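Biologist: Before we plan anything at the bench, could you take me through how the nonpolar residues of this chain are arranged?

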Amino acid sequence: MTYWNDKVADAAQLRLFVPGDGWRAFKDKMNAEGDRVEEPGTQRAIESSLLNVLNATNVVVLTGTGSSFAASNPADKLTPAGMWDVWKAVEAKVGAEAFKAVCDTFASAKIDDNIERLLTLCKLYLELHETAVEDATYQRIDGFVKAAEKAILARVDFVDRATNLDAHAGLIQKIGRRGVRKARSKLFTTNYDLCFEEAARRHRFTIIDGFSHGLDQVYDRSHFEFDIVRRSGQRDAPDYIENVFHLYKLHGSLDWRRQVSDIFRSRGPEGNPVLIYPRSSKYQESFEAPYLDMIGAFQAALREPDTAVLISGFGFNDDHISRPILSAVEANMSLRLVICDPAFIPSADLDGGDQSLTAVAEPKNQFLAAFKRMVAGGDARIHLINGRFQDLVSALPDLIGETDRERHMQRVRTLRDGMDVKA
């Protein structure tokens with residue numbers, strides 16, 4: 001994606017798919033003097049569609065690896081991890097020679113440096129040869145899988161207090177500040193990392209994520225039914241607090257651990273990590289707790305009346321998530337869908353800067369191609385936008401401005417930062 005290299009977040013980089021006119025730019029095209037519009041842009045249409053999302057009774061946001069790439073770290077720290085980064089991390093963990101030996105075991109298969117395909121082959125081998133656990137090849141592959149999972153867990157743990165999370169903060173501020181009379185926004189992510197949790201901590205947003213608020217935070221699906229209110233002796237009715245949203249981590253989280261029947265929050269060595277690792281069996285694994293609770297909540301949210309779904313940073317490569325979306329579009333007539341993804345337009349086509357791009361190839365992903373056909377056929381419920389997660393966040397409107405509590409916490413942080421510098 002060379003076109004996007006070193007480009008800062010900017011709503012002007014978005015393009016909307018307009019039936020009969022292709023992918024039209026965000027800004028108006030002006031004449032040479034700059035005093036007359038030659039070709040209109042899609043800024044008003046994009047902003048209107050996003051405003052309709054935030055004003056819906058139920059707001060659902062889905063994101064994946066693409067949102068992690070919006071985060072950034074200083075040069076001496078880990079970067080957000082793509083599939084190639086994970087491949088290299090596993091190779092470094094087990095050693096180049098041992099890594100090559102495992103790959104050579106499946107020499108006839110098409111792995112193409114894809115860690116998901118390699119781990120899929122490894123798990124299939126272990127299942128097919130489970131009666132030969134003493135076999136040297138079995139032992140080698142079993143050891144490789146365990147080491148690979150530890151390497152993946154370490155590689156995605158890139159978030160700390162120095163990480164730039166402006167895009168993540170922007171999203172949760174805009175979906176979390178909706179009026180308290182509306183349903184809490186629901187944010188679903190396939191990411192293991194802690195970008196949204198850290199952004200919420202910094203800006204004092206409260207997350208409802210299925211974990212208790214006691215000293216030992218333990219998962220229970222019933223916690224999603226709870227809310228947070230402010231009690232006052234002068235009021236009879238509860239006062240729902242601002243800046244709250246639901247977070248569902250569809251593939252687990254790097255700070256979840258399982259001990260016997262309990263899932264608790266921890267970054268320590270105790271317990272087993274609760275993650276769906278990249279391999280083809282993730283569809284089957286998603287039907288185990290707590291993943292079943294998460295995917296069940298996602299499917300239920302898609303069926304609610306007057307629901308708007310905003311998707312960005314999710315590549316539609318997970319069928320167990322993509323198919324329910326397509327099914328909901330077919331079944332829920334009140335559903336509104338906005339998809340933002342840089343994969344709609346090849347980078348080479350963007351270099352020309354034309355106001356409308358009409359000769360763009362169909363998306364290779366079957367789901368993205370299906371949604372594009374629906375828009376081209378006149379389905380006004382769906383809006384397709386080419387762009388990155390951070391560009392979309394820049395275009396999202398603020399329904400409610402910064403609260404007094406947020407402004408106070410910003411002043412407190414500034415005061416503390418100044419005292420730390422002097423110390």
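**Inside and surface**

Biologist: Is Ile339 buried or exposed?

Modeller: This is a predicted model, and in it Ile339 lies in strand E15. Residues under 20% relative accessible area are classed as buried, and because Ile339 has a relative accessibility of 0%, Ile339 counts as buried.

Biologist: Which residues touch the most other members of the largest nonpolar core?

Modeller: This core has 48 residues, and the elements that each supply at least two of them include strand E5 (58-63), strand E10 (244-249), helix H11 (319-331) and helix H13 (366-376). Helix H10 (291-303) is also among those elements, and H10 gives the most, with six residues. The members that touch the most others are Phe298, Ile325 and Phe371.

Biologist: Leaving aside neighbours within four places in sequence, which residues is Phe371 in contact with?

Modeller: Seen from Ile339, with residues up to four places away in sequence not counted, the residues touched include Ile311, Phe344, Leu368 and Phe371. Seen from Phe371, with neighbours within four places likewise left aside, the contacts are Phe316, Ile325, Leu326, Val329, Leu337, Ile339, Ile382 and Leu384.

Biologist: Is Ile400 buried or partly exposed?

Modeller: Ile400 is placed in the loop between helix H14 (389-395) and helix H15 (404-422), and together with Leu51 and Leu399 it makes a nonpolar surface patch of about 200 Å². Since partly exposed covers values between 20% and 50%, Ile400, with a relative accessibility of 34%, counts as partly exposed.

How values were computed:
Residues are numbered from 1 along each chain as its sequence is written. This is a predicted model: local features need pLDDT of at least 70, side-chain atom pairs count only at pLDDT 80 or more; totals for chains, interfaces and linings use all residues. Side-chain values use heavy atoms; hydrogens and water are left out. A nonpolar core is a set of buried Ala, Val, Leu, Ile, Met, Phe, Trp, Tyr and Cys residues joined through side-chain atoms within 4.5 Å. Buried means under 20% relative accessible area, exposed over 50%, partly exposed in between (1.4 Å probe, protein chains only). Helices (H or I, at least four residues) and strands (E, at least two) are DSSP runs, numbered from the N terminus. Contact means heavy atoms within 4.5 Å. Patches are made of residues with over 30% relative accessible area and no salt bridge: like charges are joined within 9 Å, nonpolar side chains (Val, Leu, Ile, Met, Phe, Trp, Tyr) within 5 Å. Accessible areas come from the Shrake-Rupley method with a 1.4 Å probe; for residues, only the protein chains shown count as cover. A salt bridge is a side-chain nitrogen of Lys or Arg within 4 Å of a carboxyl oxygen of Asp or Glu.
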